[in-house]
Amino acid sequence: MFIFGAMKRFLFSIITALPILASAQTKTPDNLIQYVHPIIGTQRMGHVYPGATVPFGMVQLSPETDTVGYELNGKYNPDVYKYCAGYQYDDKTIVGFSHTHFSGTGHSDLGDFLIMPTVGALKLNPGTADKPGSGYRSGFSHQNEVSEANYYKVKLDESNITAEMTTTTRVGFHQYTFPKSDNAHIILDLMAGIYNYPDKNVWTYMKVINDSTVVGYRSTNGWARTRTLYFAMRFNKAFISHGYKNYAKRDVYGGFWGQFNRTPNFPEIAGRQLRAYFDFKTEEGEKIKIKFALSPVSMDGAMANMQAEAPGWDFEKVKQDGQQLWETELHKIVIEGSKTDKENFYTSMYHAMINPTIYMDVDGQYKGLDQNVHKAVGFTNYTTFSLWDTHRALHPLFNIIEPKRNADMVQSMMAHYDQSPEHMLPIWSNSANENWCMSGYHSVSVLADAVVKGNAPFDANKALDACVATARHRDYAGIGFYMDMGYIPDEKNGNSVSSTQEYAYDDWCIAQMAKKLGRQDVYDEFIIRSQNWKNVYDPKSGFMHPKLMDGTFRKAFDPFTTINQGFIEGNAWNYTLYVPHDPAGLIKMMGGNKRFVTYMDSLFSYDLPDKYFAETEDITKDGIIGNYVHGNEPSHHVAYLYDWTDKPWKTQERIRMILPRMYKPTPDGLGGNDDTGQMSAWYIFSSIGFYPVAPGLDQYAIGSPAVEKAVINLDSGKTFTINVKNQGAKNVYIQKIILNGKVLSGFFISHADIMNGGEMVFYMGAKHR
């Protein structure tokens, strides 16, 4: 009886526990999009947008809050810089909702196909911010604004219309809730754009297929010089009439189109400066929905994209499907920490996974750099390569958590090279155009990092050949002088010093790639070139210094200022530390450990007066700590350089100081342009405890983790877990690190340590060792 009773009690306990066990096994993952706040960084310098997009989506559907143009009285208008993403948090009006935006850039383009719902008398001019009723723009309040991953909502005060939007990869989905009106309108502004100017629109075309479907395209000459984007627009309700207005000066040649009365209700329109409208009658609370698909190839391609991705009218389903895509991406790294930690971290993850953007139709066709139509076979084609920024941490992050995408991005860069009339890899490319923005040839860093870390499901030798061809392009940005003289003379290039340094790093990347592939001749050539940074270091001044054709250093020199000193978007104090591939050599060159540490300490402690960056729009006080510029990319590795000295604890101290000062869960929470995810990638790496100082090397420098725990979920199914013991605001110093059960002897881990899975445990304390 005892045995039977004990067995009965045992079986009962098992049976009653089964629901609990089943519940534990089927527990749904935490909702992480609740911590994503796209509004972070929309105020001041972040230059991000609050609207809807899916991970790496081709559509970025977001509000524009002003119409500031690129040109004013024939000159550059500096006010336009605030509107790189179309939206500034401090503005009080919304002009409309456009379908393409850059995220976090310091120059801009796009803002295509602006839509605005209105009621009452038709107004086709946007009006002014101080008098929104003078045009179709509307006042709004942040109290009536919702910004989530793949969802944006706002009440338009002038019309009492509630605007909502969500997206698929290639389709923007609008939902406008109208009041009762016999004069409801949807305006399609084909003139509007970011960094706009009167002649930016080369040509615009629109065709009305039926009473609910419209297609067209726009060609522009902006940052992307030769860019055409096609669209298909479909309403859930038939419009009762439509028309347009052409704001362009009369063309010299207009053909014989004057034989038609082309407005209203004419089936097609064409011109340079067009605004179209569609009229409706609405009931109280009626929802007019619009699906707006894009294509880089054709109007038919846009229609096919719409049919494939958004065949129905279920707005909530499209929103939820897109948010589930974000959940999947955000779960690549799962952290434990405070609510503020999670908001900063997952908003950074969100911003890091907006760019690069997919650039092809659902059938794989895309417009190439040669302006021909190509088909991506075996890879997804991407664009928006801000490589001066993103080679530093964003692409290395992708090699860990998005290896397939990063490999596709490399193949997209290779396709760019094949189509390039200049036979070069991308510098800064977007929408089948090379923009030639910034310095260096940092695509080679991305290619080398992928090859060295074993994420190269492509022809690596062909990739190396493309790197070599790019680096030998003598007539580009001083490369000929660099090859012949070992540096770029100050007289020949305004960024002579920083370009010499950046080329040296890129050349080191090529050497590492060649070494991996057994190409000794290429390795020998580029490992020598990688030492060219030494040729612009002046031991007398103690800085990287502009050097003249005759081999002497320029006499007029100020290491604090950012203008006309030979550096791009930075000063000598910061750029002197830009030798990411040879910190040990740099320390030796600068006089050894003690002097180097003193230099580093001075960088963080000196209070740089505003006058030294007053003429540089990319650097403001928001992103500066002492003389250290975190708000711009060239210094992102700098705090980690203490790891090469006898005071690695200072890296730990600096990282934990930078994180809360430069990243906050507020509209002004980014200290500088997010630069298509690079600022965010720095945060992601640094908050979990390590950073890729030199992409192209399979090594990461240790910092000081700010989270309590992080689990990196690798594509292989393995996990790499970071556990932090005794975490706290004052406990910023590492006492010891245990990697897979063994004490880590230094302050570096390898890429294999992460990708093989395992556990790294940080033991923290309030005093340095």
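In which strand is the place of K155? K155 sits in strand β9, which covers residues 151-156. Please keep in mind as we go that this is a predicted model. With a relative accessibility of 32%, K155 counts as partly exposed, because buried would require a value under 20% and exposed one over 50%. From K155 we can also look across to R405: 250 residues separate the two in sequence, and their C-alpha atoms are 37 Å apart in space.

Strand β9 includes residue 151, and that takes us to a contact between a charge and a ring. K319 lies over the face of Y151, and the distance to the ring centre is 3.8 Å. There is another arrangement of this kind at Y247, where the charged end of R275 sits over the ring at 4.7 Å from its centre.

From charges over rings we can move on to rings beside rings. How many aromatic pairs does the count come to? The count is 53 aromatic pairs. One of them is formed by W257 and F266, whose ring centres are 6.4 Å apart and whose planes make an angle of 85°, an edge-to-face arrangement. It is edge-to-face because the angle between the planes is over 60 degrees. Are the two partners buried or exposed, or partly exposed? W257 has 39% relative accessibility, so W257 counts as partly exposed. F266 has a relative accessible area of 11%, so F266 is buried.

Another edge-to-face pair joins F685 and F690, with 5.8 Å from centre to centre and 65° between the planes. F685 is buried at a relative accessible area of 1%, and F690 is buried too, with 0% relative accessibility. Both phenylalanines belong to a cluster linked by ring pairs, made up of Y640, Y663, W682, Y683, F685, F690, Y691 and Y700.

Follow F690 and Y691 along the backbone and you arrive at a sheet. These two residues make up strand β32 (residues 690-691), which pairs in the antiparallel sense with strand β33 (residues 699-702) over 2 bridges. Which residues of β33 are the bridge partners? F690 has I702 as its partner, and Y691 has A701. Y700, another member of the ring cluster, falls within the residue range of β33. Strand β33 also pairs with strand β38 (residues 748-750), again antiparallel, through 3 bridges. In that pairing, Q699 stands opposite S750 of β38. Put together, this is an open sheet of 3 strands in the order β32-β33-β38, with antiparallel pairing. Strands β32 and β38 are the edges, since each pairs on one side only.

A further open sheet of 3 strands has the order β25-β26-β27, with antiparallel pairing. Here β25 (385-386) and β27 (433-434) stand at the edges; each has a single partner strand, so one side of each is left without a neighbour in the sheet. Strand β25 is joined to strand β26 (residues 428-430) by 2 bridges, and the two run antiparallel. Within this pairing, F385 stands opposite S429 of β26.

Let us finish with the open space. How much space lies in the largest pocket? The volume is about 690 Å³. Its lining consists of 33 residues, and M191, N196, Y197, P198 and Q273 lie nearest the centre. By residue class, the lining of the largest pocket splits into 16 nonpolar, 9 polar and 8 charged.

The second largest pocket has a volume of about 480 Å³. It is lined by 21 residues, and the closest to its centre are D251, G254, W257, R262 and A270. You will recognise W257 from its edge-to-face pair with F266. Which elements give two or more residues to this lining? They are β13 (201-210), β16 (241-246) and β17 (268-271). Strand β17 gives the most, with 4 residues. The lining of the second largest pocket divides into 11 nonpolar, 5 polar and 5 charged residues.

How values were computed. Residues numbered from 1 in each chain as written. Predicted model: local features only at pLDDT ≥ 70, side-chain atom pairs only at ≥ 80, totals over all residues. Heavy atoms only, no water. Phe/Tyr/Trp six-rings, centres within 6.5 Å; stacked < 30°, edge-to-face > 60°. Buried < 20%, exposed > 50% of the residue type's maximum accessible area, 1.4 Å probe, protein only. Lys NZ or Arg CZ within 6 Å of the ring centre and 35° of its normal. 1 Å grid on protein atoms, 1.4 Å probe; cavity = no way out; pocket = protein on both sides within 12 Å on 5 of 7 lines; lining within 4 Å. Points joined across faces, edges and corners; volume = space filled by probe spheres on them. Nonpolar A, V, L, I, M, F, W, Y, C, P; charged D, E, K, R; others polar. Pairing = 2+ DSSP bridges.
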